[in-house]
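Work through the exercises below with the structure open. Each task is followed by a solution in steps.

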Amino acid sequence: MSEPDAPVRPVAASVARYAGLTGATLLTVAGWLGGALPDAPPRATLSDFWQAPHGPATLLCWLVGTALLVGAWWSLRWGAPSGRWAYLTAGLWTLPLLAAPPLGSRDVYSYACQGWTWTRGVSPYRVGVAAAGCPWTDSVSPIWRDTPAPYGPFFVLLAGLAVLAGGGLVGAIVLFRLATVAGVLLVALCLPGLARAAGVPTRRAAWLVLACPLVGVHLVAGAHNDALALGLVLFGLLVLIRGPGRPRALVAAGVLLGLAVAVKAMAVVVLPFAALAAVLGRYTWRALLRDGGRLAAVVLGTLVVLSLATGLGLGWVDGLGRSGDSQQWTSPPTAVGFVVDYAGEAAGRRPHAVPGTRAVALALLVASLVALWWWAWTALRRWNDARQRVARLTVARPRVALLGAGLALTATVLLAPVFHPWYATWPLALLAVSAVPLARTVWFVAPCAVASVLALPDGTNLARFTKAPGAVLMTVLVLVVLAAGVRAGLRRRRVDR
């Protein structure tokens, strides 16, 4: 294996570029043969998928296309030959996926129905799309037909406008995809500035994020609103890093971050670290309350204005609780709950442990977020009195804030009750612009590669067909990681002594 900072050979880069393009094209073909088309019924088993029209051809195109796309991305995980090369190649891979039907998920149909519900004067936070009478309910995944919308008021507003302007389901889907492309373009615009501020090569950050198969397949082709929310988050962080403490920057960043939260609640996790990036000068509690407080006030004001303007209020908070209706082993706490249930059944009693393990995981998540913020805060305060403080803080300030946000998103994704492949793009984007040295990127790149193969073109999650072995494997992995963490902590304590 080549060294992390070794130059990329032109031949290898060229092979990766066109292998990925071939993979993206094959995935587009798979989408048209057996993707998440409006009139395609959900498949209950792999046998149903195989026996469907064009089933074998769909699976072959998906398998080969995914292998090529993931392999090409992985082969240059240390960085593309240049930032320009990374942008051009990622754009080239995206082109065929723009022509694909919804891939890997049927969520875009939920978006359309929720927008339709709002345009009819009914709150999508109170009723599911089936009860609202959406004409496209049959296209929505059965598990989400009776659940309220878990998205913020800004996205519901955008969904309603897409339905009105699109004039129908197809037109709405096209507009949703345009919105996700705008989000990805916003991410691409922010990556160089964030990477330079944290001392990370742009060629690596751009390649890891923009060329990641999860971005092309799920954010672009799948038209997930995560793209728009993530773009707004990165834009808000970039504004803060370039103008900490400046009133206009605080207002602009607050509006951007408020809009991000009003699209998807996961953006809330970033806010405490954004407050760190907002501080001008020395890190003191007074400075944090001054600059971070102003930022928080603008974020809160943005949410209030959107809630009042759309007439939706904060009902979307209730909808978040229903996102855990799906139970898959890809969520570590859910997998642990499955294994406990299996063990209980072997002993003659089923304990129904999943709700309990999920509750424990949420408590651990809160503790992890607090600990990560405190680590970032104390790390920045230590530099207050360091020699050559100004020079060191120039890079340390954004790197600590971005890395803390990335680790917080990682904890959120891992400890949440449910995991979908596209969720991994959130921590990927923040860690790609802040994690150094280069050799330590594999720990978050490898999970993204694995997540890229979890969903079939029609949105069927392979985790459904591997429940028991997947749960056991995930639980073993959790135990291995915990043991490694304990061992590292004990070793560090011995060194400190």
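**Exercise 1. The disulfide**

The link of Cys113 and Cys134 is left-handed, with -75° about the S-S bond. This is a predicted model.

Task: State how far apart the sulfur atoms of Cys113 and Cys134 are, and place both residues in the chain.

Solution.
- Step 1. Take the distance. The sulfur atoms of Cys113 and Cys134 are 2.2 Å apart.
- Step 2. Apply the cut-off. A disulfide needs cysteine sulfur atoms within 2.5 Å, so the pair at 2.2 Å qualifies.
- Step 3. Place the residues. Cys113 sits in helix α5 (residues 107-119). Cys134 belongs to the loop between α6 (129-132) and α7 (153-166). The two are 21 residues apart, and the pair links distant parts of the chain.
- Step 4. Check exposure. Cys113 and Cys134 are both buried.
- Step 5. Count. The structure has one disulfide by this rule.

**Exercise 2. A cysteine without a partner**

Task: Explain why Cys190 has no bond to Cys212.

Solution.
- Step 1. Find the closest cysteine sulfur to that of Cys190. It belongs to Cys212, 18 Å away.
- Step 2. Compare with the cut-off of 2.5 Å. At 18 Å the sulfur of Cys212 is too far for a bond.
- Step 3. Add the surroundings. Cys190 has a relative accessible area of 0%, so the residue is buried.
- Step 4. Look at another cysteine. Cys61 has a relative accessible area of 15%. Buried means under 20%, so Cys61 is buried too.

**Exercise 3. Aromatic rings around Trp377**

Task: Classify the ring pairs that Trp377 forms with Tyr283 and with Trp373.

Solution.
- Step 1. Start from the total. The structure holds 16 aromatic pairs.
- Step 2. Take Tyr283 and Trp377. Their ring centres are 6.0 Å apart, with 75° between the planes. Angles over 60 degrees count as edge-to-face, so that is the class of this pair.
- Step 3. Place the two residues. Tyr283 is in the loop between α13 (271-277) and α14 (285-310), and Trp377 is in helix α17 (residues 354-382). They are 94 residues apart, and the pair links distant parts of the chain.
- Step 4. Take Trp373 and Trp377. The centres are 5.7 Å apart and the planes lie at 10°, so this pair is stacked.
- Step 5. Place this pair. Trp373 and Trp377 are both in helix α17, four residues apart, about one turn of the helix.
- Step 6. Check exposure. Tyr283 and Trp377 are buried. Trp373 is buried as well.
- Step 7. Widen the view. One aromatic cluster is formed by Tyr283, Trp285, Trp373, Trp374 and Trp377.

**Exercise 4. Pocket and cavity**

Task: Describe the largest pocket and the largest cavity by volume and lining.

Solution.
- Step 1. Size the pocket. The largest pocket has a volume of about 1800 Å³.
- Step 2. Read its lining. The pocket is lined by 46 residues; Thr410, Leu414, Leu477, Val478 and Val481 lie nearest its centre.
- Step 3. Trace the helices. Those that each supply at least two lining residues include α17, α18 (389-415) and α21 (467-496). The largest share, 16 residues, comes from α21.
- Step 4. Sort the pocket lining by class. It divides into 34 nonpolar, eight polar and four charged residues.
- Step 5. Turn to the cavities. The structure has four of 30 Å³ or more. The largest cavity holds about 110 Å³ of space.
- Step 6. Read the cavity lining. It has 15 residues, with Leu27, Trp62, Thr66, Val217 and Ser452 nearest the centre. Helices α3 (55-75) and α10 (213-221) each supply at least two.
- Step 7. Sort this lining. Eleven residues are nonpolar, four are polar and none is charged.

**Exercise 5. Confidence and backbone**

Task: Find the elements with the lowest and the highest mean pLDDT, then examine Ala223.

Solution.
- Step 1. Take the chain average. The pLDDT averages 89, and 90% of the residues score at least 70.
- Step 2. Find the extremes. Helix α15 (residues 316-320) has the lowest mean, 69, and helix α11 (residues 226-242) the highest, 97.
- Step 3. Draw the caution. Where pLDDT is low, the predicted coordinates should not be read in detail.
- Step 4. Examine Ala223. Its phi is positive, about 55°, although it is not a glycine. Ala223 lies in the loop between α10 and α11. At 3% relative accessibility, Ala223 counts as buried.

Key: Residues numbered from 1 in each chain as written. Predicted model: local features only at pLDDT ≥ 70, side-chain atom pairs only at ≥ 80, totals over all residues. Heavy atoms only, no water. pLDDT = per-residue confidence, 0-100. 1 Å grid on protein atoms, 1.4 Å probe; cavity = no way out; pocket = protein on both sides within 12 Å on 5 of 7 lines; lining within 4 Å. Points joined across faces, edges and corners; volume = space filled by probe spheres on them. Nonpolar A, V, L, I, M, F, W, Y, C, P; charged D, E, K, R; others polar. Buried < 20%, exposed > 50% of the residue type's maximum accessible area, 1.4 Å probe, protein only. Phe/Tyr/Trp six-rings, centres within 6.5 Å; stacked < 30°, edge-to-face > 60°.
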